[in-house]
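Reader: I would like to learn how to read a protein structure. Could you take me through one?
Author: Gladly; let us look at it together.

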Amino acid sequence: MLPAPAAIGDWRRDYGEEVAKFLRGYVLDHGEASRLFGILRRRAAERSLRLPHADPHAVWLLATLAALLSGDWLNARG
């Protein structure tokens with residue numbers, strides 16, 4: 001496997017404010033009934049998603065977990 005050129009960067013850390021807002025909205029818009037908030041406290045998620053994101057990896061983890069638990073990934077192309 002060839003290494004990625006350094007100029008490309010890491011898209012999971014180097015996203016803009018528009019993507020940051022989308023991810024925050026996606027995670028938090030699932031509401032209190034979300035299975036995600038049965039695993040972690042909503043306040044902890046809100047703290048991690050506060051702009052600017054201090055830990056971009058945690059943001060992607062939360063968005064991925066929200067998608068998996070909600071079943072949204074089953075209809076990703078719909």
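**Reading the contacts**

Author: Arginine 42 forms a salt bridge with glutamate 46, and their closest N and O atoms are 3.1 Å apart. Before we go on, please note that this is a predicted model, in which local features need pLDDT of at least 70 and side-chain atom pairs count only at pLDDT 80 or more, while totals for chains, interfaces and linings use all residues. Residues are numbered from 1 along each chain as its sequence is written, and side-chain values use heavy atoms, with hydrogens and water left out.

Reader: What is a salt bridge, and how many does the count come to?

Author: Side chains of opposite charge can pair when their charged atoms come close. The rule used here asks for a side-chain nitrogen of Lys or Arg within 4 Å of a carboxyl oxygen of Asp or Glu. By this rule the count is two salt bridges. Besides the pair you have met, lysine 21 and glutamate 17 are joined through their side chains at 3.2 Å, N to O.

Reader: Where do lysine 21 and glutamate 17 lie?

Author: Both are in helix α1, four residues apart, which is about one turn of the helix. Arginine 42 and glutamate 46 are likewise separated by about one helical turn, because they are four residues apart in helix α2.

Reader: How are helices and strands assigned, and how many does the protein have?

Author: They are DSSP runs, numbered from the N terminus: H or I over at least four residues for a helix, E over at least two for a strand. This protein has three helices and zero strands, so along the sequence you read the pattern α-α-α.

Reader: Which words tell me whether a residue is buried or exposed?

Author: Buried means under 20% relative accessible area, exposed means over 50%, and partly exposed is in between (1.4 Å probe, protein chains only). The areas come from the Shrake-Rupley method. Glutamate 17 counts as exposed because its relative accessibility is 51%, whereas lysine 21 is partly exposed at 48%. In the other salt bridge, arginine 42 is partly exposed at 22%, and glutamate 46 is partly exposed at 26%. Of the 78 residues in the protein, buried ones make up 29%.

Reader: What is the relative accessibility of valine 27?

Author: Its value is 0%, so valine 27 counts as buried. Valine 27 lies in helix α1. Its C-alpha atom is 8.2 Å from that of alanine 67, though the two residues are 40 apart along the chain.

Reader: Which residues does the side chain of histidine 53 contact?

Author: A polar contact is a pair of N or O atoms within 3.5 Å; within protein, one must be able to donate a hydrogen and the other to accept it, and residues adjacent in sequence count only if both atoms are side-chain atoms. Histidine 53 sits in the loop between α2 and α3 and is buried, with a relative accessible area of 14%. Its side chain makes a polar contact with the side chain of tyrosine 15 at 2.7 Å. The side chain of histidine 53 also reaches the backbone oxygen of leucine 49 at 3.1 Å.

Reader: Where does serine 34 lie?

Author: Serine 34 is in the loop between α1 (17-28) and α2. At 13% relative accessibility, serine 34 is buried too. A polar atom of its side chain lies 3.0 Å from the backbone nitrogen of leucine 36.
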